[in-house]
Amino acid sequence: MSFNITYLPGDGVGPEVALAARKVAEAAAEKFALVIAFHEFAFGGAAIDAHGDPFPPMTRRACAEADAIFLGAVGGPKWEGGAVRPEAGLLDLRKALGLYANLRPIRIMAGMEVLSPLKVERARDVDILFVRELTGGIYFGKRVEGNEHASDECAYSREEVERVARVAFEAARARKGRLASVDKANVLATSRLWRAVVSELHERDYNGVELSHVLVDAMAMKLIERPAAFDVVLTENMFGDILSDEASVITGSIGLAPSASLGGAKAGLYEPIHGSAPDIAGQDKANPVGAILSAAMMFRHSFDAEAPAKAIEDAVKAVLAAGFGTADIGGNDGCAAFSNRVAAHLAA
Ligand code: NAD
Ligand code: IPM
Ligand code: MN
């Protein structure tokens, strides 16, 4: 089997962590005799600089034709206030490929609880899968820009809610059987629709899953108070953006968290959940673990290859457990050195 990966390094630390993940993915492919090929295209701020467009036609075509898309990160101060922002390219990519389900696993590896800003007993056994709706809500509603007045519409259809809820219920069924659906149904109409659709689907097809509805403000609190109580967490687009950044830090650093965005299209999109981290860009300081674990998700979800996915995850665990890591988790390695260790562990 051979797989073509459209490779979008992007901006800031994006190219650093994407390269790290690429090296590890290539080592895993070699070990398991899979043929993978990375093809680089301009995306985000880098593409604005080169082509005046964050998602140029060539990149768009390459994404549509790929078996998977791997992204570093986009954005940065350089493009703020410009006519078009790098982030618009990312939203366009997600929408164009119909990638409505964003999986963001937040897991504390055994023995790594000391990295958490929470007390060890609270951090122990945290293993949450966020399922974030990714192509609807306030990100994609009608937007009015203005100096005196501005608005962002938040809209959801029944179908948009149901298809992502189904992904979350299926995941819960395959895990510990618990789903927490997050909304703001005490205020928002979209949240009341959300809650109704999730409840109906639960009754109809998933009554074996234990479902709870949690208001988003309380969820922000409960994630800190008792993070190990959660299994799968389903959210609309913006609530999931915010809560997954919050949850990632429970594991020690946002740099540890991976993601997969899946949907109707042939290819999935794989990227760490963090941004371009302009404050540490170009210094070989970025933690590549989130990007490397995103590559593991790519093997699992787009190549149907569990063994290399597991091997990458085990190699990351082994290198972290041996005490290596980047500065954000108290280690002495640079981004490149850490990823070389993971690749070497795979090759051994
Ligand atoms: P950020 O995630 O880039 O950084 C937040 C903080 O976390 C910073 O202190 C940064 O140094 C740290 N951090 C992030 N990634 C890290 C890593 N791998 N290792 C160690 N530390 C890490 O968020 P921000 O600063 O709010 O945003 C910067 C830019 O990134 C903005 O332009 C934003 O729009 C963009 N962004 C892009 C994506 C994406 O491409 N998917 C995601 C989030 C933000
Ligand atoms: C993320 C980012 C993006 C989002 C931005 C850059 C559009 O924060 O991937 O989490 O809000 O979805
Ligand atoms: Mn985000």
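**Exercise 1.** In this predicted model, determine which atom of ligand 1 the side chain of Glu 271 approaches, and place that contact among the others of ligand 1.

*Solution.*
Step 1. A polar side-chain atom of Glu 271 is found 2.9 Å from a nitrogen atom of ligand 1.
Step 2. Two further acidic side chains approach oxygen atoms of the ligand: an N or O atom of Glu 87 lies 2.4 Å from one, and the corresponding distance for Asp 279 is 2.8 Å.
Step 3. Of the 810 Å² of accessible area that ligand 1 has on its own, the protein covers 69%.
Step 4. The shell of ligand 1 numbers 20 residues, and Glu 87 and Asp 279 are among the closest. By class, nine are nonpolar, seven polar and four charged.

**Exercise 2.** Identify the side chains that make polar contacts with oxygen atoms of ligand 2, and state how much of the ligand the protein covers.

*Solution.*
Step 1. Arg 94 places a side-chain N or O atom 2.7 Å from an oxygen atom of ligand 2; for Arg 132 the distance is 2.8 Å.
Step 2. Tyr 139 contributes a polar side-chain atom at 2.6 Å from an oxygen atom of ligand 2.
Step 3. The protein covers 78% of the 320 Å² of accessible area belonging to ligand 2 on its own.

**Exercise 3.** Describe where ligand 2 sits and which parts of the chain surround it.

*Solution.*
Step 1. Ligand 2 occupies the second largest pocket.
Step 2. Helix 4 (residues 86–96) supplies the largest share of the shell, three residues.
Step 3. Domain 1 (1–100 + 263–348) and domain 2 (105–254) each provide at least three shell residues.
Step 4. The shell comprises five charged, three nonpolar and no polar residues; Glu 87 is one of its members.

How values were computed:
Residues numbered from 1 in each chain as written. Chains lettered and ligands numbered in written order. Predicted model: local features only at pLDDT ≥ 70, side-chain atom pairs only at ≥ 80, totals over all residues. Heavy atoms only, no water. Near = heavy atom within 4 Å. Polar contact = N/O pair within 3.5 Å; in protein donor to acceptor, adjacent residues only side chain to side chain. Areas by Shrake-Rupley, 256 points an atom, 1.4 Å probe, with all protein chains shown as cover. 1 Å grid on protein atoms, 1.4 Å probe; cavity = no way out; pocket = protein on both sides within 12 Å on 5 of 7 lines; lining within 4 Å. Sits in = over half its atoms within 2 Å of the grid points. Helix = DSSP H or I, 4+ residues; strand = E, 2+ residues; numbered from the N terminus. Nonpolar A, V, L, I, M, F, W, Y, C, P; charged D, E, K, R; others polar. Domains from an automatic or database assignment.
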